[in-house]
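Here are some worked exercises to try with the model open in your viewer. Have a go at each task before you read the solution.

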Amino acid sequence: MRPVAMALVSALTVLSMASSSRAEVPGSPDILILGDSQLSFGAGAAFVDLIDRLAGDCGLAPGTTTGVIGVRSSTLMSWTGQSKSAKGAICDVDKKWKVNAGAYGTLSPGENPYVQIGKGDQFQFCLPERSPLEAVFFKGAYAPKLLIMFLMGNATERWAGSPQAAVQDARAFVADLPAGQRCIFMTSAPPYEEKSVRLRQRAQDNIERAFAGLGKRCGFVPGFTAATIAENMGNAANFRRKPSGKVKDPFHPTEAAARRFLALQRPALCAAIRAQLAP
(Lines give C-alpha, C1' and ligand atoms only; values in the text may rest on other atoms or scores of the structure.)
Protein backbone atom coordinates (compact mmCIF):
# COMPACT_ATOMS: atom_id res chain seq x y z
CA MET A 1 0.00 0.00 0.00
CA ARG A 2 1.26 3.50 -0.83
CA PRO A 3 2.20 5.62 2.19
CA VAL A 4 0.44 8.68 0.86
CA ALA A 5 -3.34 8.44 0.71
CA MET A 6 -3.57 10.89 -2.17
CA ALA A 7 -1.32 8.71 -4.30
CA LEU A 8 -3.54 5.71 -3.60
CA VAL A 9 -6.67 7.63 -4.55
CA SER A 10 -4.97 8.82 -7.73
CA ALA A 11 -3.90 5.28 -8.66
CA LEU A 12 -7.39 3.91 -8.07
CA THR A 13 -8.88 6.72 -10.14
CA VAL A 14 -6.57 5.92 -13.06
CA LEU A 15 -7.40 2.20 -12.77
CA SER A 16 -11.10 2.96 -12.68
CA MET A 17 -10.84 5.17 -15.78
CA ALA A 18 -8.84 2.48 -17.61
CA SER A 19 -11.37 -0.20 -16.71
CA SER A 20 -14.23 2.02 -17.86
CA SER A 21 -12.61 2.73 -21.22
CA ARG A 22 -11.89 -0.96 -21.75
CA ALA A 23 -15.53 -1.86 -21.18
CA GLU A 24 -16.63 0.54 -23.92
CA VAL A 25 -14.49 -0.80 -26.77
CA PRO A 26 -16.78 -1.99 -29.60
CA GLY A 27 -16.41 -5.68 -30.32
CA SER A 28 -14.33 -6.39 -27.25
CA PRO A 29 -15.85 -9.02 -24.94
CA ASP A 30 -15.99 -8.29 -21.23
CA ILE A 31 -14.14 -11.56 -20.55
CA LEU A 32 -11.44 -12.58 -23.04
CA ILE A 33 -10.11 -16.15 -22.76
CA LEU A 34 -6.95 -17.04 -24.65
CA GLY A 35 -5.14 -20.35 -24.70
CA ASP A 36 -4.16 -23.50 -26.51
CA SER A 37 -5.88 -26.33 -28.37
CA GLN A 38 -7.89 -27.58 -25.40
CA LEU A 39 -10.08 -24.54 -26.04
CA SER A 40 -10.54 -25.60 -29.67
CA PHE A 41 -11.37 -29.19 -28.73
CA GLY A 42 -14.30 -28.44 -26.42
CA ALA A 43 -13.25 -26.18 -23.57
CA GLY A 44 -13.93 -23.00 -25.57
CA ALA A 45 -17.65 -23.61 -25.91
CA ALA A 46 -17.77 -24.89 -22.32
CA PHE A 47 -16.14 -21.70 -21.02
CA VAL A 48 -18.66 -19.49 -22.84
CA ASP A 49 -21.57 -21.38 -21.28
CA LEU A 50 -19.98 -21.29 -17.83
CA ILE A 51 -19.38 -17.52 -17.88
CA ASP A 52 -22.94 -17.01 -19.14
CA ARG A 53 -24.21 -18.95 -16.11
CA LEU A 54 -21.92 -17.04 -13.74
CA ALA A 55 -23.08 -13.63 -15.01
CA GLY A 56 -24.66 -11.75 -12.14
CA ASP A 57 -22.49 -13.66 -9.66
CA CYS A 58 -18.76 -13.93 -8.85
CA GLY A 59 -18.33 -10.19 -9.34
CA LEU A 60 -19.62 -10.39 -12.92
CA ALA A 61 -22.31 -8.00 -14.07
CA PRO A 62 -25.50 -9.40 -15.62
CA GLY A 63 -25.10 -9.66 -19.38
CA THR A 64 -21.33 -10.14 -19.22
CA THR A 65 -20.00 -11.11 -22.67
CA THR A 66 -17.33 -13.73 -23.33
CA GLY A 67 -14.93 -14.26 -26.22
CA VAL A 68 -12.59 -17.24 -26.52
CA ILE A 69 -9.62 -17.92 -28.80
CA GLY A 70 -7.73 -21.21 -28.60
CA VAL A 71 -4.61 -21.51 -30.77
CA ARG A 72 -3.34 -25.05 -31.45
CA SER A 73 -0.22 -25.96 -29.39
CA SER A 74 0.54 -22.43 -28.25
CA THR A 75 2.46 -21.65 -25.05
CA LEU A 76 3.12 -18.52 -23.04
CA MET A 77 6.37 -18.23 -25.02
CA SER A 78 4.33 -18.24 -28.24
CA TRP A 79 2.03 -15.51 -26.98
CA THR A 80 4.82 -13.31 -25.62
CA GLY A 81 7.50 -13.91 -28.26
CA GLN A 82 8.40 -11.28 -30.86
CA SER A 83 10.55 -13.25 -33.29
CA LYS A 84 8.99 -15.12 -36.20
CA SER A 85 10.02 -18.49 -34.78
CA ALA A 86 8.86 -17.67 -31.24
CA LYS A 87 5.35 -16.74 -32.34
CA GLY A 88 5.10 -19.35 -35.08
CA ALA A 89 2.47 -21.37 -33.22
CA ILE A 90 0.24 -18.27 -33.27
CA CYS A 91 1.01 -16.83 -36.68
CA ASP A 92 2.03 -19.63 -39.06
CA VAL A 93 -0.68 -21.15 -41.23
CA ASP A 94 -1.30 -24.78 -40.34
CA LYS A 95 0.00 -26.81 -43.28
CA LYS A 96 -2.67 -29.49 -43.01
CA TRP A 97 -5.82 -27.65 -41.93
CA LYS A 98 -5.00 -24.11 -43.20
CA VAL A 99 -6.36 -22.67 -39.93
CA ASN A 100 -4.81 -22.78 -36.48
CA ALA A 101 -7.38 -21.56 -33.97
CA GLY A 102 -10.94 -21.85 -32.74
CA ALA A 103 -13.05 -18.83 -31.74
CA TYR A 104 -16.16 -18.94 -29.55
CA GLY A 105 -18.68 -16.68 -27.89
CA THR A 106 -18.78 -13.11 -29.21
CA LEU A 107 -15.71 -13.85 -31.38
CA SER A 108 -17.19 -16.87 -33.15
CA PRO A 109 -17.24 -16.46 -36.95
CA GLY A 110 -20.40 -18.57 -37.20
CA GLU A 111 -21.19 -22.24 -37.47
CA ASN A 112 -17.57 -23.12 -38.22
CA PRO A 113 -15.52 -21.81 -35.28
CA TYR A 114 -12.10 -22.27 -36.88
CA VAL A 115 -10.00 -19.27 -37.92
CA GLN A 116 -6.44 -18.39 -38.89
CA ILE A 117 -4.70 -15.95 -36.58
CA GLY A 118 -3.43 -13.00 -38.61
CA LYS A 119 -6.46 -13.03 -40.93
CA GLY A 120 -9.68 -11.11 -40.39
CA ASP A 121 -10.28 -7.94 -38.41
CA GLN A 122 -10.77 -9.73 -35.08
CA PHE A 123 -7.52 -11.72 -35.17
CA GLN A 124 -4.72 -9.33 -36.15
CA PHE A 125 -2.22 -10.58 -33.58
CA CYS A 126 0.83 -10.91 -35.85
CA LEU A 127 2.24 -7.39 -35.96
CA PRO A 128 5.94 -6.70 -36.58
CA GLU A 129 8.02 -6.10 -33.46
CA ARG A 130 5.15 -6.97 -31.15
CA SER A 131 4.25 -10.20 -29.44
CA PRO A 132 0.82 -11.69 -30.21
CA LEU A 133 -0.28 -10.82 -26.68
CA GLU A 134 0.81 -7.20 -27.10
CA ALA A 135 -1.02 -7.12 -30.43
CA VAL A 136 -4.22 -8.32 -28.77
CA PHE A 137 -4.32 -5.04 -26.84
CA PHE A 138 -2.56 -2.76 -29.35
CA LYS A 139 -4.45 0.49 -29.94
CA GLY A 140 -7.39 -0.90 -27.98
CA ALA A 141 -8.08 -3.77 -30.40
CA TYR A 142 -9.29 -5.68 -27.35
CA ALA A 143 -9.98 -4.10 -23.98
CA PRO A 144 -11.63 -6.72 -21.76
CA LYS A 145 -12.45 -6.19 -18.11
CA LEU A 146 -10.72 -9.52 -17.44
CA LEU A 147 -8.27 -11.71 -19.36
CA ILE A 148 -8.16 -15.44 -18.60
CA MET A 149 -5.17 -17.35 -19.96
CA PHE A 150 -5.88 -21.09 -20.16
CA LEU A 151 -3.04 -23.39 -21.22
CA MET A 152 -0.10 -25.59 -20.38
CA GLY A 153 0.40 -28.24 -23.06
CA ASN A 154 3.70 -27.69 -24.86
CA ALA A 155 5.20 -25.76 -21.93
CA THR A 156 4.97 -28.82 -19.68
CA GLU A 157 8.57 -30.04 -19.96
CA ARG A 158 9.96 -26.51 -19.82
CA TRP A 159 8.15 -25.66 -16.58
CA ALA A 160 8.53 -29.08 -15.00
CA GLY A 161 12.27 -29.00 -15.61
CA SER A 162 13.00 -25.42 -14.64
CA PRO A 163 11.32 -23.26 -11.98
CA GLN A 164 13.31 -20.32 -13.35
CA ALA A 165 11.85 -20.84 -16.83
CA ALA A 166 8.38 -20.71 -15.28
CA VAL A 167 9.29 -17.44 -13.55
CA GLN A 168 10.61 -16.05 -16.83
CA ASP A 169 7.40 -16.94 -18.68
CA ALA A 170 5.11 -15.55 -15.96
CA ARG A 171 7.02 -12.27 -15.92
CA ALA A 172 6.94 -12.00 -19.72
CA PHE A 173 3.19 -12.58 -19.66
CA VAL A 174 2.36 -9.79 -17.22
CA ALA A 175 4.89 -7.47 -18.89
CA ASP A 176 2.93 -7.68 -22.14
CA LEU A 177 -0.37 -6.71 -20.49
CA PRO A 178 -1.62 -3.11 -20.41
CA ALA A 179 -1.25 -1.36 -17.06
CA GLY A 180 -4.22 -2.18 -14.85
CA GLN A 181 -5.38 -5.15 -16.94
CA ARG A 182 -7.07 -7.69 -14.64
CA CYS A 183 -5.93 -11.24 -15.36
CA ILE A 184 -6.18 -14.89 -14.33
CA PHE A 185 -3.84 -17.67 -15.36
CA MET A 186 -5.43 -21.13 -15.34
CA THR A 187 -3.70 -24.38 -16.22
CA SER A 188 -5.62 -26.64 -18.58
CA ALA A 189 -7.34 -29.95 -17.81
CA PRO A 190 -5.48 -33.17 -16.92
CA PRO A 191 -4.79 -35.60 -19.78
CA TYR A 192 -5.56 -39.31 -19.87
CA GLU A 193 -2.22 -40.98 -19.13
CA GLU A 194 -0.74 -41.03 -15.64
CA LYS A 195 2.81 -40.26 -16.77
CA SER A 196 1.63 -37.10 -18.51
CA VAL A 197 -0.50 -36.12 -15.53
CA ARG A 198 2.44 -36.40 -13.10
CA LEU A 199 4.74 -34.36 -15.35
CA ARG A 200 2.11 -31.65 -15.79
CA GLN A 201 1.48 -31.57 -12.06
CA ARG A 202 5.16 -30.68 -11.52
CA ALA A 203 4.91 -28.06 -14.25
CA GLN A 204 1.82 -26.58 -12.60
CA ASP A 205 3.56 -26.44 -9.23
CA ASN A 206 6.37 -24.37 -10.75
CA ILE A 207 4.20 -21.97 -12.75
CA GLU A 208 1.91 -21.50 -9.74
CA ARG A 209 4.89 -20.51 -7.59
CA ALA A 210 6.04 -18.21 -10.37
CA PHE A 211 2.74 -16.33 -10.39
CA ALA A 212 2.68 -16.26 -6.60
CA GLY A 213 6.02 -14.45 -6.76
CA LEU A 214 4.32 -11.67 -8.72
CA GLY A 215 2.02 -10.89 -5.81
CA LYS A 216 -1.56 -10.04 -6.74
CA ARG A 217 -0.75 -8.91 -10.28
CA CYS A 218 -2.64 -11.88 -11.74
CA GLY A 219 -4.88 -14.53 -10.18
CA PHE A 220 -4.05 -18.22 -10.51
CA VAL A 221 -6.41 -21.20 -10.80
CA PRO A 222 -4.81 -24.67 -10.83
CA GLY A 223 -6.39 -26.99 -13.38
CA PHE A 224 -4.80 -30.02 -11.74
CA THR A 225 -6.54 -30.84 -8.47
CA ALA A 226 -7.32 -34.14 -6.79
CA ALA A 227 -10.86 -33.94 -8.18
CA THR A 228 -9.94 -33.05 -11.77
CA ILE A 229 -7.19 -35.68 -11.91
CA ALA A 230 -9.61 -38.32 -10.61
CA GLU A 231 -12.11 -37.23 -13.26
CA ASN A 232 -9.76 -37.48 -16.26
CA MET A 233 -6.79 -39.74 -15.58
CA GLY A 234 -7.47 -43.22 -16.91
CA ASN A 235 -11.08 -42.35 -17.80
CA ALA A 236 -11.36 -43.25 -21.48
CA ALA A 237 -14.93 -41.95 -21.65
CA ASN A 238 -13.58 -38.39 -21.31
CA PHE A 239 -11.41 -38.61 -24.44
CA ARG A 240 -11.84 -39.25 -28.15
CA ARG A 241 -11.60 -42.94 -28.93
CA LYS A 242 -11.10 -45.27 -31.85
CA PRO A 243 -13.90 -47.67 -32.86
CA SER A 244 -12.10 -50.28 -30.74
CA GLY A 245 -12.59 -48.08 -27.68
CA LYS A 246 -8.89 -47.26 -27.32
CA VAL A 247 -8.13 -43.60 -26.61
CA LYS A 248 -6.74 -41.92 -29.74
CA ASP A 249 -6.27 -38.43 -28.29
CA PRO A 250 -5.07 -38.55 -24.68
CA PHE A 251 -4.43 -34.80 -24.38
CA HIS A 252 -7.75 -33.16 -25.31
CA PRO A 253 -10.83 -33.99 -23.23
CA THR A 254 -14.11 -33.99 -25.12
CA GLU A 255 -16.51 -31.06 -24.81
CA ALA A 256 -18.64 -33.02 -22.33
CA ALA A 257 -15.52 -33.74 -20.27
CA ALA A 258 -14.49 -30.08 -20.48
CA ARG A 259 -17.87 -29.11 -19.04
CA ARG A 260 -17.37 -31.54 -16.15
CA PHE A 261 -13.87 -30.14 -15.59
CA LEU A 262 -15.17 -26.56 -15.44
CA ALA A 263 -18.02 -27.59 -13.14
CA LEU A 264 -15.39 -28.92 -10.72
CA GLN A 265 -13.37 -25.72 -11.13
CA ARG A 266 -16.31 -23.37 -10.79
CA PRO A 267 -15.76 -22.43 -7.09
CA ALA A 268 -12.06 -21.68 -7.60
CA LEU A 269 -12.68 -19.80 -10.82
CA CYS A 270 -15.51 -17.82 -9.26
CA ALA A 271 -13.31 -16.80 -6.34
CA ALA A 272 -10.48 -15.75 -8.68
CA ILE A 273 -12.85 -13.72 -10.87
CA ARG A 274 -14.37 -12.00 -7.85
CA ALA A 275 -10.92 -11.12 -6.49
CA GLN A 276 -9.73 -9.72 -9.81
CA LEU A 277 -12.85 -7.65 -10.48
CA ALA A 278 -13.10 -6.25 -6.96
CA PRO A 279 -12.95 -2.42 -6.93
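**Exercise 1. A loop residue and its surroundings**

Does Glu 129 count as buried or exposed, and at what relative accessibility?

Solution. Keep in mind throughout that this is a predicted model.
- Start with the location: Glu 129 lies in the loop between β4 and α5.
- Next, apply the cut-off, which is over 50% relative accessible area for an exposed residue.
- Glu 129 has 70% relative accessibility, and therefore counts as exposed.

**Exercise 2. Backbone angles that stand out**

Look at the phi angles of Glu 129, Lys 98 and Gly 56, and find the sign of each.

Solution.
- Begin with the background: most residues other than glycine have a negative phi.
- Glu 129 is not a glycine, yet its phi is positive, about 60°.
- Lys 98 is not a glycine either, and has a positive phi of about 70°. This lysine is in the loop between α4 (88-91) and β3.
- Gly 56, which follows α2, has a positive phi near 95°.

**Exercise 3. Lay out the sheet**

In what order do the seven strands of the open sheet run, and which are the edge strands?

Solution.
- Tracing across the open sheet gives β4-β3-β2-β1-β5-β6-β7, with mixed pairing.
- The edges are β4 (114-115) and β7 (219-221), each of which pairs on one side only.
- Now move inward to β1 (residues 31-35), which pairs with β5 in the parallel sense over five bridges. β1 is also joined to β2 (residues 66-71) by five bridges, and these two strands run parallel.
- On its β6 side, β5 again pairs in the parallel sense, over five bridges with β6 (residues 182-186).

**Exercise 4. Follow the bridges across**

Which residues are the bridge partners of Ile 33 in β2 and in β5?

Solution.
- In β2, Ile 33 is partnered by Val 68.
- In β5, the partner of Ile 33 is Ile 148.
- Two further pairs help to fix the register. Gly 35 has Gly 70 as its bridge partner in β2, and Leu 146 stands opposite Arg 182 in β6.

**Exercise 5. Two covered strands**

How many residues of β5 are buried, and which residues lie on each of its faces? Then repeat the analysis for β1.

Solution.
- Recall that buried means under 20% relative accessible area.
- In β5 (residues 146-150), five of the five residues are buried, so the strand is largely enclosed by the rest of the structure.
- Sort the side chains by face, remembering that in a regular strand they alternate between the two faces of the sheet.
- One side of β5 carries Leu 146, Ile 148 and Phe 150, the other carries Leu 147 and Met 149, and both faces are covered.
- β1 is mostly covered too, with five of its five residues buried. Ile 31, Ile 33 and Gly 35 point one way, while Leu 32 and Leu 34 point the other way.

**Exercise 6. Examine helix α2**

What span should the 18 residues of α2 have, and where is its kink centred?

Solution.
- At 1.5 Å a residue, α2 (residues 37-54) should span 26 Å; the end C-alpha atoms are 24 Å apart, which agrees.
- Along the helix there is a kink of about 75°, centred on Ala 43.
- For burial, 13 of the 18 residues of α2 are buried, so the helix is largely enclosed by the rest of the structure.

**Exercise 7. Describe two helix crossings**

What are the crossing angle and the handedness for α2 with α10, and for α7 with α8?

Solution.
- Two packed helices are described by the angle between their axes and the distance between the axes.
- The axes of α2 and α10 (residues 255-277) come within 9 Å and cross at roughly 45°. The two helices are therefore oblique to each other, and α2 passes α10 in a right-handed crossing.
- α7 (residues 163-175) and α8 (residues 194-212) pack at about 50°, with axes 8 Å apart. That makes α7 oblique to α8, and their crossing is right-handed.

**Exercise 8. Sequence separation and distance in space**

How far apart in space are the C-alpha atoms of Phe 138 and Leu 177, and those of Ser 108 and Asp 94?

Solution.
- Phe 138 is in the loop between α5 (132-137) and β5, and is partly exposed at 29% relative accessible area. Leu 177 is 39 residues from Phe 138 in sequence and 9.9 Å away in space, C-alpha to C-alpha.
- Ser 108 sits in the loop between β3 (101-105) and β4, and is partly exposed at 31%. Asp 94 is 14 residues from Ser 108 along the chain, and their C-alpha atoms are separated by 19 Å.

Technical notes
Residues numbered from 1 in each chain as written. Predicted model: local features only at pLDDT ≥ 70, side-chain atom pairs only at ≥ 80, totals over all residues. Heavy atoms only, no water. Buried < 20%, exposed > 50% of the residue type's maximum accessible area, 1.4 Å probe, protein only. Helix = DSSP H or I, 4+ residues; strand = E, 2+ residues; numbered from the N terminus. Pairing = 2+ DSSP bridges. Expected span 1.5 Å × (residues − 1). Bend = angle between axes of the 7 residues up to and from the residue. Axes fitted to C-alpha atoms, helices over the stretch in contact; angles between N-to-C directions. Parallel < 35°, antiparallel > 145°, perpendicular 65-115°, else oblique. Left-handed = near helix turned anticlockwise from the far one by under 90°.
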